Amino acid sequence: MAQEIPYKIFLNENELPKQWYNVRADMKNKPAPLLNPATMKPMVYDDLRPVFCDELVKQELDDTTPFFDIPEEILEFYKMYRPSPLVRAYCLEKKLNTPAKIYYKFEGNNTSGSHKLNSAIAQAYYAKQQGLKGVTTETGAGQWGTALSMACSYFELDCKVFMVKCSYEQKPFRREVMRTYGANVTPSPSETTEVGRRILAAHPGTTGSLGCAISEAVEVATHTPGNRYVLGSVLSQVLLHQTIIGLETKTAMDKYGIVPDIIIGCAGGGSNLGGLVSPFMGEKLRGERDYRIIAVEPASCPSFTRGKFAYDFCDTGMVCPLAKMYTLGSNFIPSANHAGGLRYHGMSSILSQLYHDGLMEARAVEQTSVFEAAETFARVEGILPAPESSHAIRAAIDEAIKCRETGEAKTILFGLTGTGYFDMLAYEKYNNGTMGDQFPTDEELEASFAALPKMPEGL
Ligand SMILES: *Cc1c(COP(=O)(O)O)cnc(C)c1O
C-alpha cells in the first residue's frame, strides 16, 4: 500500500519562511520586562545598547510586532542547510507498536550539529551590519560556541568564547571545531577577567558553570571597543530567530493536512521549544486551535517543575539584567548530568509566562531513561541523538506508549534538536551501566532560592 505521508517532508525554496514570528504579539499577559538591577526599573533601549547589537535590542524589547522580515543575507545562509527535514518516524512507530503518528523536526544537519546556528547567523549578521569588530559569548557543552564560530567566520567577525572549564577539558573536539572556524576559546572561570578572578578566589578549583562564563563574556564585551555580547538561548530575540523551526514545520504539516495533538521539546533555556511551538501557540492564544504542548527538562536541573517564578539574575556574577522566569536560583549548579545544553538555572521569560498561565505543561525526566530512549531511537531511526534532544524523545515515546494502551491514534510532534557525536563519553557511561540519576534535594533548592534577589513589593 502506498504511503500517503512520505518519510521526509521537505519544502521547496519558495516555501521557506521569509519572516520570523514574535509570539509575544499574541500574548495577553506579556512576559515581564528585564530589569536594571541598579534601579529595579525596566531596561530600555539605551540601557541595553552597550551590551547587545542595536537591532537585537529592538527585537528583545518588542512585545507587539508580530512578524520580523528575515534579511536576505540570512535567508541565503539558511539555504545552505535549511529547510530541515520533518520526518515521519514510521520505524519508531512500528518498534513501539503504537497507533500514534510520530513526527520529528531534525535540526542536526549542519556542522554545529544543532538548531543553535539559526540564531547564531542572525546575531552575527546584525553585529556585522552595525560595523562591529567582534562578539563574545559563553558556551557550556559547546554547541552554541560552535554555531557562533561558524556564523562569525562567515561574516568575518572576531569571536571570543568562554567555555565552561569542565567542558573545555572533556570536549577537546568541540573546542577544536571552534578554533578551526577561527574562534578564540578560553576556559572559564579564567584569570583574564575581573569577575573570573573574583569567582576563582571564592571557589578555587571550580570547574565552572554557564552563569560564570556569561559574566566573563559580558565583561569582555563591554570593555572591548567594537564588541558586543551574544547569547545562544533564554533571550526573547533568540526564541524569535528559532521560530524558523516552527514556521517550516507548520508549512510542511499544512501541506499534508497534518495537525499535531501533542507538541514536545526539550527545554534548556527554552529557545528550540519556543521556536518550534510559537506558530502553534499563536493559534492557541488567538483561540483558533488547541494543542498540548510539553516542555521536557532533566530531573537534575528542573527549572519549570521545581523552580520558582521570580525575578532572578541571569548569571552568577550578577552583571546581567534581572529576568522574571522559572528559576532554580543563579547560584544553582546542577549535578554532573550529561545534557550540557540543559544545565541552565533559568528559562525563557516568554515560556515562563506561558507556563505560568497554563498554556503549556512541563515534565522532568531522569538521565538513564533519557539514554534508554536515545538508544531505542538511534537503533530504529538511524540518527544518533544529542542527550538534550533525547529528553524530547523520552516524552514522545512515553506518549506513544500511552496511545498503545488506550488505542488512540494521536499525532505527536517533537523537536530533535541535534546529534550526539561529541557526547560519546556519556553514551559510554550508559553502555557500561555506570550512569546514575541525580536530583537536587528540597534543602538544596531552598538554599538556592534564599539567594534570589529581594524585590520591591509587587514584582
Ligand atoms: C543548547 C541545546 C538545547 C537546549 O537549548 P534551548 O535553548 O532550550 O533550545 C537542546 N538541544 C541541543 C542539541 C542543544 O545544543
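Let's start where helix 5 (residues 117-129) meets helix 6 (residues 143-154): in this predicted model, their axes come within 8 Å and cross at roughly 40°. That angle makes helix 5 oblique to helix 6, since oblique is what remains once angles under 35 degrees, over 145, and from 65 to 115 have been taken out. As for handedness, helix 5 passes helix 6 in a right-handed crossing. On the helix 5 side, the contact is made by Leu117, Ser119, Ala120, Ile121, Gln123 and Ala124. Helix 6 answers with Trp144, Ala147, Leu148, Met150, Ala151, Cys152 and Tyr154. Sort that contact by class and you get 11 nonpolar residues, 2 polar ones and no charged ones.

Now jump along the chain to another pair, helix 15 and helix 16. Their axes are 8 Å apart, and the packing angle is about 85°. That makes helix 15 roughly perpendicular to helix 16, because the angle falls in the 65 to 115 range. Here Ser369, Val370, Phe371, Glu372, Ala373, Ala374, Thr376 and Phe377 of helix 15 meet Pro387, Ser390, His391, Ile393, Arg394 and Ile397 of helix 16. The class split for this contact is 8 nonpolar, 4 polar and 2 charged.

From packing, let's move to the open spaces. How much space lies in the largest pocket? About 980 Å³. Its lining runs to 43 residues, and those nearest the centre are Val164, Cys166, Ser167, Gly208 and Arg343. Several helices chip in with at least two residues each: helix 7 (165-170), helix 8 (172-180), helix 9 (194-202), helix 10 (210-223) and helix 17 (424-432). Helix 17 gives the most to this lining, with 4 residues. If you're thinking about the chemistry of the wall, the lining has 20 nonpolar, 17 polar and 6 charged residues.

The second largest pocket has a volume of about 600 Å³. It is lined by 40 residues, with Leu34, Met43, Leu48, Phe52 and Pro321 nearest its centre. At least two lining residues come from each of helix 1 (45-48), helix 2 (54-61), helix 9, helix 10 and strand 13 (322-327). Which helix supplies the largest share of this lining? Helix 10 does, with 6 residues. Helix 9 and helix 10 are also among the helices that each supply at least two residues to the largest pocket. By class, the second largest pocket's lining has 27 nonpolar, 6 polar and 7 charged residues.

Then there are the enclosed spaces. Searching the whole structure turns up 4 cavities of 30 Å³ or more. The largest cavity has a volume of about 400 Å³. Of the 34 residues lining this cavity, Lys116, Trp144, Gly232, Ser233 and Gly341 lie nearest the centre. Strand 6 (134-139), helix 6, helix 10, helix 12 (271-285) and helix 16 (387-406) each give two or more residues to that lining. You've already met Trp144: it belongs to the helix 6 side of the contact with helix 5. The class split around the largest cavity is 11 nonpolar, 20 polar and 3 charged.

The second largest cavity has a volume of about 110 Å³. It is lined by 16 residues, and the closest to its centre are Pro298, Ser300, Asn337, Glu366 and Gln367. Helix 15 (residues 367-381) supplies the largest share, 3 residues. The lining of the second largest cavity divides into 7 nonpolar, 7 polar and 2 charged.

Finally, some backbone details to look at. Most residues other than glycine have a negative phi, and most peptide bonds are trans. A cis peptide bond joins Arg82 and Pro83, with omega about 0°. Pro83 sits in the loop between helix 3 (72-81) and strand 4 (86-88). Another cis bond, again with omega about 0°, joins Ser188 and Pro189. You'll find Pro189 in the loop between strand 8 (184-188) and helix 9. And Met40, although not a glycine, has a positive phi of about 60°. Met40 is located in the loop between strand 2 (19-21) and helix 1.

Key. Residues numbered from 1 in each chain as written. Predicted model: local features only at pLDDT ≥ 70, side-chain atom pairs only at ≥ 80, totals over all residues. Heavy atoms only, no water. Axes fitted to C-alpha atoms, helices over the stretch in contact; angles between N-to-C directions. Left-handed = near helix turned anticlockwise from the far one by under 90°. Contact = heavy atoms within 4.5 Å. Nonpolar A, V, L, I, M, F, W, Y, C, P; charged D, E, K, R; others polar. 1 Å grid on protein atoms, 1.4 Å probe; cavity = no way out; pocket = protein on both sides within 12 Å on 5 of 7 lines; lining within 4 Å. Points joined across faces, edges and corners; volume = space filled by probe spheres on them.
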